[in-house]
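Let's take a walk through this protein together, from the overall picture down to a single residue. Keep the viewer open as you read.

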Amino acid sequence: MLIGEVARRSGVSARMLRHYESLGLVRPSGRTGSGYREYSGEDVRRIFHIESLRAMGLSLREIGRALDDPGFTPADLVDDLIRRTRERIAAETELLIRLDRVHATDPAGWEDVLQVLALLRALGSTSAGTRQRAALASVDEVPVEALAQAALGEGDPYVAGALRWALSRSGGGAALLAEGLGSPVAAVRERAVRALAEMPGREAATLLRDALVSPDAVVRGRAALTLGARGEAAAIPVLVDMIVAGSNDTDAADALSVLAGDDAAADRIASLLVGRIGDGTTGQPARGRLTQALAGIPGATASRALADLVGDADRAVALTAAYLLRLRGDG
């Protein structure tokens, strides 16, 4: 089979076939009497193999090894191809995200495009100072999605604070932060709830209420402290759990005292605290913290509970209750 016929059947140009020959990838099995290259069926099959490997992303040098090196291990090469393909997809995805974000700003001219690109690049800088300056400068110039994405990935506390400030000023980005709440990475979940805690608006508040049932205790706690400070009674059970667990228990007790603003709320909170104190599974340190939390709860229910606790078998609890009663003027 002559080179023209091979080119027609394989879809590989005659020029490329000559290039393959110059590299030693394929060699015509013979020559005609007139000196023209003559390819056998085996030669054509090798050409199809070369094209298949090229389609997988192999270089011509790697293809030569794959076809001719007896020590070649296909699995290693496929692993390398997978790695490089993932890297290429990640790079192209990042480019697409950047282009989408530039497009979202509706730039009026190249100067605007370059400005947005510069700020996006600065948000991804290895310099914490550069990232912080970009966060503080980009509230009105970079899409909030970029700020939210940066906030979820930011480990420096000062830069993270600047990004949360920018997000709170923008009033957006809640959807991406919501995705962060479900991240398999604990640090990302914490960054997401901290950012939501500083954001105004109903959407952020709704997400914080949803976070009260998160399986992550840190997320639940941050949401409860924020909602408790805003007077939302839904946070009460989580705040009581925090006191039992000894996790930010002082802040949790303070939030409960804010929520105990009327008689009904105060009685409910006192009853919950007393119920946990009397729970046979609650250990001594937790009972002490729960007793202390009653100090910030006004009303008759809390006072009666403290009076009962003066006779508690745990001396530390009894002394704490007696002291708190004196402070309330009930002892």
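Of the 331 residues in the protein, 40% are buried. Bear in mind that you are looking at a predicted model. The accessible surface comes to about 18,000 Å², and carbon and sulfur atoms account for 53% of that surface. In terms of secondary structure, the protein has 19 helices and two strands. If you take the contacts between residues at least 6 apart in sequence, 49% of them join residues at least 24 apart.

Now let's turn to the inside. The largest nonpolar core holds 66 residues, and those with the most contacts within it are Leu196, Leu239, Leu256, Leu273, Leu294 and Ile297. Helix 14, which covers residues 236–245, gives the most to this core, contributing seven residues. There is also a second, separate core of 17 residues, with Ile3, Val6, Tyr39 and Leu77 among its members.

Leu196 is a good place to zoom in. Setting aside its neighbours within four places in sequence, Leu196 is in contact with Ala174, Leu177, Leu181, Ala204, Leu207, Leu208 and Arg230. Leu196 also takes part in the meeting of two helices: Ala174, Leu177, Gly180 and Leu181 in helix 10 meet Val188, Arg189, Ala192, Val193, Ala195 and Leu196 in helix 11. The axes of helix 10 (residues 174–181) and helix 11 (residues 186–197) come within 7 Å and cross at roughly 145°. The crossing in which helix 10 passes helix 11 is left-handed.

Leu256, another residue from the list of those with the most contacts in the largest core, takes us to helix 15. In this helix, spanning residues 249–259, the residues Ala252, Ala253, Ala255, Leu256 and Leu259 are buried. Viewed down the axis of helix 15, these buried residues fall within an arc of 160°, so they line one face of the helix. The general background is handy here: an α-helix has 3.6 residues a turn, so residues three or four places apart point the same way. And what covers the buried residues of helix 15? The cover includes helix 13 (217–229), helix 14, helix 16 (263–277) and helix 17 (284–293).

Let's finish in a loop. Ala234 lies between helix 13 and helix 14. Is Ala234 buried or exposed? Its relative accessibility is 47%, and because partly exposed covers the range between under 20% and over 50%, Ala234 counts as partly exposed. Ala234 and Arg209 are 25 residues apart in sequence, yet their C-alpha atoms are 7.5 Å apart in space.

Terms used: Residues numbered from 1 in each chain as written. Predicted model: local features only at pLDDT ≥ 70, side-chain atom pairs only at ≥ 80, totals over all residues. Heavy atoms only, no water. Core = buried A, V, L, I, M, F, W, Y, C linked by side-chain atoms within 4.5 Å. Buried < 20%, exposed > 50% of the residue type's maximum accessible area, 1.4 Å probe, protein only. Helix = DSSP H or I, 4+ residues; strand = E, 2+ residues; numbered from the N terminus. Contact = heavy atoms within 4.5 Å. Areas by Shrake-Rupley, 256 points an atom, 1.4 Å probe, with all protein chains shown as cover. Arc of directions from axis to C-beta. Axes fitted to C-alpha atoms, helices over the stretch in contact; angles between N-to-C directions. Left-handed = near helix turned anticlockwise from the far one by under 90°.
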